[in-house]
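Q: Please take a close look at the part of this model that carries the annotated sites. I should like the contacts, the burial and the setting within the chain treated together.

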Amino acid sequence: MSQDSLHGKWTVSSSDDDDEVLPPSGTATPKSRRPAESSHISSGSPSPVPEPAPPEVKAEPDSAPVSALTVRSEARQLAARNQRNPVKFQTSPSLSGKRKKEPSDGSGWALSDSDDEDDAEGKRNSRSKLPNRAAPNGEAKKPRKESERPPSPHGRLYYTDEPDDFFEASFPCLNDTYRFYLNKVTGLDRKFNSGALHIRDILSPLFGTLKESVQFNYCFDIPWMVKQFPSEFRRCPVLIVHGDKREAKARLLQQGQPFPHVRFCQAKLDIAFGTHHTKMMLLWYEEGFRVIILTSNLIRADWYQKTQGMWMSPLFPRLPEGSSESSGESPTFFKRDLLEYLASYRAPELDEWIQRIKEHDLSETRVYLVASTPGRYVGADMERWGHLRLRKLLYDYTNPIPDEEQWPVIGQFSSIGSMGMDKTKWLAGEFQRTLTTLGKSSLRSDPPVHLLYPSVEDVRTSLEGYPAGGSLPYSIQTAQKQMWLHSYFNCWKARRTGRTHAMPHIKTYMRVSPDSTQLLWFLVTSANLSKAAWGAMEKNNTQIMVRSYELGVLYVPSAFSMKTFPIDTNPFPASSSSMLGFPVPFDLPPTSYSPTDQPWIWNIPYSQEPDTHGNIWVPS
């Protein structure tokens with residue numbers, strides 16, 4: 001079936017099945033080429049440019065080289081491989097689609113993160129090695145050496161080392177009121193990183209003397225992750241909680257082989273199309289315990305030039321010996337809810353961490369935990385997870401206000417699932433009811449709903465250029481089924497935080513005053529706009545089905561003895577005078593798409609205009 005639209009002419013499946021069609025290997029998937037590499041890489045000849053040293057991994061003798069990053073799927077693997085070979089913009093009309101074929105080495109780069117429940121199961125769970133292509137002369141292809149693997153999905157020379165003063169040498173000035181922080185972004189004016197954090201800052205001795213940690217995440221680069229720990233903590237035990245299966249799991253375990261202090265725990269994913277998408281650190285120190293709930297994968301690209309966010313807990317002290325299990329609870333019941341979330345994994349590897357948390361005082365916590373775990377829930381359990389958990393919290397801990405129908409709901413995310421053929425199927429039905437819940441009001445208001453998702457122009461002019469779109473995996477197969485959704489979209493603009501050109505991987509949801517000066521609530525989470533992440537009602541609304549693990553924290557003013565949160569319009573550089581305002585990461589009010597703007601769709605070509613690096617984005 002062909003369809004003409006503002007995106008150009010699509011050729012899409014005529015299937016009426018709700019599951020997204022996975023493009024077969026070799027069909028159109030996104031790629032870009034850097035001008036300095038397009039000839040020698042695509043032809044397979046050696047690079048004339050000295051290459052940065054690969055991660056310090058001692059491979060087993062005679063072992064096959066393994067990519068340091070795992071890849072989410074065959075489709076994502078194709079896209080990621082092709083990102084390493086940008087295509088230089090030219091004025092020739094015949095450029096689009098023309099490229100020399102590069103033999104596949106089967107290695108790829110993790111692109112964060114699509115949680116669309118419409119992805120085929122193989123796309124979710126299998127990161128199968130791509131089929132080898134015959135060499136042009138018919139000879140057997142020589143295996144690529146590990147040292148030839150580019151260190152970046154953007155190309156061989158993309159990443160630059162940050163200067164020493166990029167990282168914190170003393171305890172930074174941070175907003176301790178809300179404990180919500182953005183990640184540092186390489187390439188920004190220094191003031192926009194004052195009060196932001198890099199993973200190296202988080203793991204540094206400034207925040208505690210680390211003894212052991214757990215890393216819950218979706219994508220991992222184990223060698224890179226290990227290097228982010230300071231040398232004195234680099235051999236402290238680390239437990240990796242992941243959702244990989246089969247070949248993907250084998251590759252992840254092989255990444256960890258050179259690091260005997262790294263252990264693994266596989267999250268159970270019993271419902272098709274679910275992912276382990278939670279991003280959390282549990283840090284056990286000599287001085288106490290800390291929780292960090294964040295939006296970044298454990299790969300370098302996610303900590304380089306993307307907008308990301310996190311909640312960092314206070315340092316939780318150890319309870320006195322003999323304290324009861326109910327001791328150390330917060331007014332937001334954070335301790336109870338965190339323990340319940342960890343117990344949902346049914347993983348013996350987490351038992352000792354559950355016990356450690358019980359032994360610490362979490363009473364200073366002022367945020368509510370909002371989690372998703374895979375399953376079908378009925379009765380009172382329906383309000384434990386997913387968007388019904390958020391609805392319950394908004395019902396119990398927020399209050400109605402006059403003219404609430406004029407207070408917009410804003411959702412901001414980096415991936416989009418299938419919403420159905422019209423808005424009433426999920427978005428404007430059960431999900432909007434959750435987002436518009438405000439205390440025990442019987443009023444069912446219908447406020448404006450604004451969704452922030454980057455346009456093609458946002459991606460093209462970003463710090464990363466078109467490769468930033470590899471972390472915004474909205475596919476043409478999904479988009480063509482829900483053109484109605486695009487009328488909700490707003491551009492990514494973040495002048496107040498200096499991050500307009502740092503594409504968002506953060507996910508936030510909030511309720512804002514008509515004049516954009518106050519918040520009724522704010523949520524930072526791993527959950528994108530999808531039914532897999534938030535759950536969907538079934539059986540005449542008597543059951544909710546959730547596919548994925550997700551985790552976020554909800555801020556409500558009552559937990560801070562406030563009626564509303566004032567919005568900080570100038571959060572950088574961080575200072576004591578800005579501590580009362582909430583640092584919303586993007587500009588308010590949102591900027592609607594212009595008549596020429598289109599949402600970024602990652603598996604169609606963009607060859608009319610070059611990006612900030614002079615590259616274009618073309619299908620294979």
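A: The side chains of K507 and S414 are joined by a polar contact of 3.2 Å; a polar contact here is a pair of N or O atoms within 3.5 Å, where within protein one atom must be able to donate a hydrogen and the other to accept it, and residues adjacent in sequence count only if both atoms are side-chain atoms. The model is predicted: local features need pLDDT of at least 70, side-chain atom pairs count only at pLDDT 80 or more, and totals for chains, interfaces and linings use all residues. Residues are numbered from 1 along each chain as its sequence is written, and side-chain values use heavy atoms, with hydrogens and water left out.

K507 belongs to strand β17, residues 507-512. Helices (H or I, at least four residues) and strands (E, at least two) are DSSP runs numbered from the N terminus. K507 is buried because its relative accessibility is 0%; buried means under 20% relative accessible area, exposed over 50% and partly exposed in between, with a 1.4 Å probe and protein chains only.

In an unreviewed UniProt entry, K507 is listed together with K279 under "binding site". These two positions are spread over 229 residues of sequence, yet they cluster in space, with a largest C-alpha distance of 11.9 Å. UniProt positions follow the numbering used here, feature names are shortened, and annotations may be inferred rather than shown by experiment.

K279 is located in the loop between β8 (262-266) and β9 (280-285). With a relative accessibility of 0%, K279 also counts as buried. A polar atom of the K279 side chain lies 2.9 Å from the backbone oxygen of H277.

That partner, H277, carries an annotation of its own: the unreviewed UniProt entry lists H277 and H505 under "active site". The two span 229 residues in sequence, but no two of their C-alpha atoms are more than 12.7 Å apart, so they gather at one spot. H277 is placed in the loop between β8 and β9, and its relative accessibility of 0% makes it buried. H505 sits in the loop between β16 (489-490) and β17. H505 is likewise buried, at a relative accessible area of 0%, and its side chain reaches the backbone oxygen of T295 at 2.9 Å.

The cysteines may be considered next. C219 is buried at a relative accessible area of 0%, and C491 is buried at 5%. A search of the whole structure nevertheless finds 0 disulfides, a disulfide being a pair of cysteine sulfur atoms within 2.5 Å.

G187 offers a contrast in burial. This residue is exposed, since its relative accessible area is 64%, and it lies in the loop between β5 (180-182) and α4 (199-202). G187 and E162 are separated by 25 residues in sequence and by 8.9 Å in space, C-alpha to C-alpha.

As for the wider setting, the protein chain has 13 helices and 24 strands. Of its 620 residues, 61% are buried. Among contacts (heavy atoms within 4.5 Å) with a separation of 6 or more, 80% are between residues 24 or more positions apart. The chain exposes about 24000 Å², of which carbon and sulfur atoms supply 51%; accessible areas come from the Shrake-Rupley method with a 1.4 Å probe, and for residues only the protein chains shown count as cover.
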